[in-house]
Amino acid sequence: MPDIAKGTSSDHKAVYALELRCFDPGMAFHERQIKDLLRNPRADVWLMRINNQIVAQLIVLRRRFRDGIHARIYSLTVDLAFRGQGLSRQLLTHALAELKKKKIRNVYLEVESDAHVPIQLYTSMGFSQHHVLTDYYEVGRHGIKMRKTLD
Ligand SMILES: CC(C)(COP(=O)(O)OP(=O)(O)OC[C@H]1O[C@@H](n2cnc3c(N)ncnc32)[C@H](O)[C@@H]1OP(=O)(O)O)[C@@H](O)C(=O)NCCC(=O)NCCS
């Protein structure tokens, strides 16, 4: 049974190792960025463990706007060997429930427009397209801003 808990500073090496297993070094978070996120009071780094091993991470950033605090899903990664088992859905469900407890209603995220797997996941979790982010990742690589309202 997976365990989900907030990461702490002592997790930075294990989170970095997960990043390197899942992404090319140019695309992965740097160790310094992970340390900063783990210390950031406006970031929640949710870690899912199976048998004490980190198998997935989800990072949420919170920011205050005139109409209240908005949350942004900044990163979601499931370790390669653990994909296709419903773990991202479980982790996302947990993080959204925690945001709801904090009375945060608006949750946003950006995803690359041709990333069918995460788009399918987010859509099935109630996110919908808010607007297109032209050339967001680089020229010709567009993003989609998605939004979900927690009621
Ligand atoms: C996207 C990602 C987090 C999904 O994690 P996962 O644990 O494998 O996903 P789940 O098993 O929870 O599946 C959730 C849903 O995603 C979709 N999905 C998962 N694998 C899929 C596949 N191979 N093809 C199509 N849809 C797929 C389905 O909608 C699935 O729901 P369903 O099983 O009820 O049909 C994972 O593939 C990943 O880490 N990818 C690399 C990083 C990334 O793209 N992150 C998102 C950036 S915005």
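This report describes the domains, the ligand shell, the nonpolar core and some local backbone features of a predicted model.

**Domains and their contact**

The chain falls into two parts, domain 1 (1–104) and domain 2 (106–151), and the centres of domain 1 and domain 2, taken over C-alpha atoms, are separated by 17 Å. Where the two meet, 11 residues of domain 1 are in contact with 7 residues of domain 2. On the side of domain 1 that touches domain 2, the elements giving two or more residues are E4 and H3, and H3 supplies the largest share, with 6 residues. By residue class, that side of domain 1 divides into 6 nonpolar, 2 polar and 3 charged residues.

**The ligand shell**

The ligand has 17 residues around it, of which Arg83, Ser88, Arg89, Gln120 and Leu121 come nearest. Strand E4 (68–78), helix H3 (87–101) and helix H4 (116–124) are the elements that give two or more residues to this shell, and H4 gives the most, namely 5 residues. In composition, the shell around the ligand holds 8 nonpolar, 7 polar and 2 charged residues. Because domain 1 (1–104) and domain 2 (106–151) both give residues to the shell, the ligand lies between them.

**The largest nonpolar core**

The largest nonpolar core has 29 residues, and among these Leu58, Val60 and Ala95 touch the most other members. The elements that each give two or more residues to this core include helix H1 (12–22), helix H2 (31–39), strand E2 (43–50) and strand E3 (53–65), and also strand E5 (106–112) and strand E7 (141–149). Both domains take part, since at least three residues of this core are drawn from each of domain 1 (1–104) and domain 2 (106–151). The surroundings of Val60 can be given in detail: leaving aside its neighbours within four places in sequence, Val60 is in contact with Ala43, Asp44, Ala71, Arg72, Ile73, Tyr74, Ala95 and Leu99.

**Strands E6 and E7**

Strand E6 lies largely in the open, because the number buried among its 11 residues is 0. E6 pairs with E7 in the antiparallel sense over 6 bridges, and Ser128 stands opposite Arg147 in E7. The hairpin formed by E6 and E7 has 2 residues between the strands, and in this hairpin Gly140 takes a positive phi near 90°.

**Positive phi outside glycine**

Most residues other than glycine have a negative phi. Two residues of this chain that are not glycine are set out below with their positive values.

| Residue | Phi | Location | Other C-beta atoms within 10 Å |
|---|---|---|---|
| Asn51 | about 50° | loop between E2 and E3 | 7 |
| Asp135 | near 55° | strand E6 (residues 128–138) | 10 |

Are these two residues buried or exposed? Asn51 is exposed, because 7 other C-beta atoms lie within 10 Å and a residue counts as exposed at 12 or fewer. Asp135 is likewise exposed, with 10 other C-beta atoms within 10 Å. Asn51 thus combines its exposed setting with a place in the loop between E2 and E3, whereas Asp135 is found within strand E6, the strand that lies largely in the open.

Methods:
Residues are numbered from 1 along each chain as its sequence is written. This is a predicted model: local features need pLDDT of at least 70, side-chain atom pairs count only at pLDDT 80 or more; totals for chains, interfaces and linings use all residues. A residue is near a molecule or strand if its C-beta atom, placed from the backbone, lies within 6 Å of it. Helices (H or I, at least four residues) and strands (E, at least two) are DSSP runs, numbered from the N terminus. Ala, Val, Leu, Ile, Met, Phe, Trp, Tyr, Cys and Pro count as nonpolar, Asp, Glu, Lys and Arg as charged, and the others, Gly among them, as polar. Domain bounds come from an automatic or database domain assignment. A nonpolar core is a set of buried Ala, Val, Leu, Ile, Met, Phe, Trp, Tyr and Cys residues joined through C-beta atoms within 7 Å. A residue is buried if 20 or more other C-beta atoms lie within 10 Å of its own, exposed if 12 or fewer, and partly exposed in between; C-beta atoms are placed from the backbone. Two strands pair if DSSP finds at least two bridges between them.
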